[in-house]
Amino acid sequence: MILCALYIALTCTITDFLSTPIKSFSDIVFVLLHWSTITIALFSILTLISLINKYLFSAIYTIFCFLSAILAYFRYTINFSFNTMILDIVFQNDIVVSADMITIPLILWVIIISIIGYFISSYRKNYILNFKSATTYVIAIIALCLSIILFYPNGRFTRPICERIPFNIINVTSKYISQRQEIETERPRQCKYANSVNQDSTIVVVVIGEALRPANMSINGYHRKTTPNIETLGVVSLDSVFSDYVYTNRSVPHLMTRATSANPEIAYTERSFIDVYKAAGIPTTTIANQDAEKPYVYFINEADSVIRSNQTKTVYNFDKWLDADILPHYNNILKENHKQQLIVIHTIGSHWWYNSHYSDEHEIFKPTMRSRIVSNCDSMEIVNSYDNTVIYTDFIISEIIKPLQNKNAIMIYLSDHGEALGENNLWLHASESEIMHHTAAMIWMSKKYIELYPNKYEALLLNKTQKHKTDFLYHTAIDAGNIKSDVLDSTLSLLN
Ligand SMILES: [Zn+2]
């Protein structure tokens with residue numbers, strides 16, 4: 001069984017670690033520990049399967065080798081990580097695209113790995129289990145205990161194991177099935193009416209940011225010049241906005257819907273502001289640059305058209321994953337020249353691992369971090385890398401605004417939560433601290449928009465210095481498009 005586990009771990013799982021940034025000896029130890037944990041998990045699961053039936057084991061093991069070989073091939077050749085978007089392409093969209101990826105080297109590699117895998121499993125099959133022997137029970141109990149420890153729901157090891165080859169085969173497939181169920185479970189429309197009262201064409205762009213903390217933006221007084229572009233473009237930054245949650249999966253559904261601190265469950269039962277635009281007959285598009293997660297996959301798919309960039313990335317990729325990939329899609333949509341339009345963009349922003357999320361030319365602050373383990377990084381290196389993501393976000397927002405300048409348009413940016421950079425010895429997000437709740441928000445209006453709706457601009461300037469919760473987004477987004485609807489609570493709109 002050790003040989004069976006090592007075979008997959010050495011030929012396939014290892015490809016998941018080849019792009020991991022290594023700075024020091026402890027990074028190597030860390031990677032080896034991760035890889036060994038997956039090998040032990042594989043050993044324990046395979047052992048349990050082999051106890052059921054030797055033919056069943058042989059069949060499952062060979063299939064595991066076959067599928068792992070496919071994933072390892074793409075992981076090694078194009079640094080592609082298996083995720084639910086890939087399955088979406090294969091099952092929902094364009095099967096021709098998937099067929100194009102089947103090449104001779106891939107076929108040869110998969111055949112070789114599967115055949116050797118089959119022989120290893122057959123070798124294992126020749127051993128007859130002896131249920132009269134105490135050793136069998138000891139091994140079974142050890143395998144069971146290891147499986148419980150390693151796969152304990154939401155446990156310390158579960159995610160790193162389940163998102164790596166071969167366990168991602170099962171994990172991603174089950175995630176995909178539950179996401180499809182989530183999308184297909186129709187939520188009722190909340191608004192009784194939604195009428196656009198626009199005289200002129202209006203473009204509304206809503207950008208959902210990632211882990212952008214207002215304290216590191218020069219527009220809010222940060223000592224480093226991190227947001228020069230948006231300052232020049234006249235963006236109004238709201239530097240007192242707080243999110244109820246400190247991680248994406250909770251925060252995004254909350255800010256997309258009518259959910260409030262008093263009624264947070266609304267995020268999981270109601271539709272988002274995108275649906276109010278649809279009810280008003282306005283074309284809607286979402287462009288997503290983060291992998292789809294069950295809590296917010298419903299909203300991404302609410303729009304009339306859904307575009308995904310960087311479809312082959314997961315958090316375990318460490319090469320470039322840039323928001324610039326959104327821009328060609330965005331510019332194409334603007335060319336469609338609808339009378340009115342809503343575009344919602346979900347960015348990767350300042351997501352960990354920071355170095356992956358800004359381009360080389362935006363690496364202004366140096367040295368940057370070299371290890372992916374926070375405790376192995378120098379704190380100044382982390383801050384440098386983080387600030388480079390802020391510079392990059394400033395560039396992206398300016399590229400989003402530029403084509404809107406001569407139109408009647410408004411852009412609303414809201415980050416899902418903040419980020420800790422060493423305050424009280426905390427880093428990143430998803431633990432409890434004030435700095436993680438404090439999140440970046442900004443609004444930009446074109447000249448034409450301000451001329452048409454001076455009251456909205458004045459209201460925004462009055463709201464700028466007030467303290468707000470991310471609850472404002474749903475209502476502000478509807479108000480921005482001049483939609484009259486029973487679901488709009490104008491008291492929560494920043495434009496009122
Ligand atoms: Zn987030």
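This section describes the zinc site, the nonpolar cores, two helix pairs and several backbone features of a predicted model.

The zinc ion is bound by protein donors from Glu210, Thr248, Asp416 and His417. Glu210 is listed with two OE donors, Thr248 contributes OG1, Asp416 an OD atom and His417 NE2. These donors lie 1.9 to 2.5 Å from the metal. Along the chain the donor residues follow the spacing E-x37-T-x167-D-H. Thr248 belongs to helix α11 (residues 248-256), whereas Asp416 sits in the loop between β7 (409-415) and β8 (420-421); the pair therefore ties together parts that are 168 residues apart in sequence. Both Thr248 and Asp416 are buried.

Two further residues are in contact with zinc donors. Ser251 is located in helix α11 and counts as buried, with a relative accessibility of 2%. Apart from neighbours within four places in sequence, Ser251 contacts Ser243, Tyr245 and the zinc donor Asp416. Tyr413 is part of strand β7 and is likewise buried, its relative accessible area being 2%. When residues up to four places away in sequence are excluded, the contacts of Tyr413 include the donor residue Glu210. The other residues touched by Tyr413 are Val207, Gly209, Leu212, Thr393, Ile397, Ala440, Ala441 and Met442. The C-alpha atoms of Tyr413 and Leu238 are 10.0 Å apart in space, while the two residues are separated by 175 residues in sequence.

The largest nonpolar core has 45 residues. Within this core, Val206, Met256, Phe273, Ile410, Ile443 and Leu473 touch the most other members. Helix α19 (residues 472-480) supplies the largest share of the core, with six residues. A second core, separate from this one, consists of 44 residues, among them Val205, Ile287, Met411 and Leu421.

Val206 illustrates the contacts made by a member of the largest core. With residues up to four places away in sequence set aside, Val206 touches Phe273, Leu342, Ile343, Val344, Ile345 and Ile412. Val206 also touches Leu473 and Ala477, two residues that are buried in α19. In that helix, nine of the nine residues are buried, so α19 is largely enclosed by the rest of the structure. Polar side chains are included in this burial: the buried residues of α19 are Phe472, Leu473, Tyr474, His475, Thr476, Ala477, Ile478, Asp479 and Ala480. Just after α19, Asn482 adopts a positive phi of about 55 degrees.

Two helix pairs were examined. The axes of helix α1 (residues 2-11) and helix α6 (residues 104-125) come within 10 Å and cross at roughly 165 degrees. Since angles over 145 degrees count as roughly antiparallel, α1 is roughly antiparallel to α6. The crossing of α1 past α6 is right-handed. On the α1 side, the contact is made by Leu3, Cys4, Tyr7 and Thr11. On the α6 side, Trp109, Ile112, Ile113, Ile116, Gly117, Ile120 and Arg124 take part.

In the second pair, the axes of helix α3 (residues 54-78) and α9 come within 9 Å and cross at roughly 85 degrees. The two helices are therefore roughly perpendicular to each other. Phe64, Leu67, Ser68 and Leu71 of α3 meet Asn168, Ile169 and Ile170 of α9.

Two cis peptide bonds precede proline residues in loops. The bond from Ile165 to Pro166 is cis, with omega near 5 degrees, and Pro166 lies in the loop between α8 (158-162) and α9 (167-184). The bond from Lys366 to Pro367 is also cis, with omega near -5 degrees. Pro367 lies in the loop between β6 (340-346) and α15 (379-401).

Positive phi values also occur at two asparagine residues in loops. Asn337 has a positive phi of about 50 degrees although it is not a glycine. Asn337 is placed in the loop between α14 (327-335) and β6 and is exposed, with a relative accessible area of 59%. For Asn425, phi is near 65 degrees, again a positive value in a residue other than glycine. Asn425 occupies the loop between β8 and β9 (427-428) and is exposed, its relative accessible area being 69%.

Definitions and conventions
Residues are numbered from 1 along each chain as its sequence is written. This is a predicted model: local features need pLDDT of at least 70, side-chain atom pairs count only at pLDDT 80 or more; totals for chains, interfaces and linings use all residues. Side-chain values use heavy atoms; hydrogens and water are left out. A nonpolar core is a set of buried Ala, Val, Leu, Ile, Met, Phe, Trp, Tyr and Cys residues joined through side-chain atoms within 4.5 Å. Buried means under 20% relative accessible area, exposed over 50%, partly exposed in between (1.4 Å probe, protein chains only). Helices (H or I, at least four residues) and strands (E, at least two) are DSSP runs, numbered from the N terminus. Contact means heavy atoms within 4.5 Å. Donors are N, O and S atoms within 2.8 Å of the metal (3.2 Å for Na, K and Ca); water is not among the atoms, so sites may look incomplete. Axes are lines fitted to C-alpha atoms, for helices over the stretch in contact, and angles run from 0 to 180 degrees between N-to-C directions. Angles under 35 degrees count as roughly parallel, over 145 as roughly antiparallel, 65 to 115 as roughly perpendicular and the rest as oblique. A crossing is left-handed if the near helix is turned anticlockwise from the far one by less than a right angle, and right-handed if clockwise.
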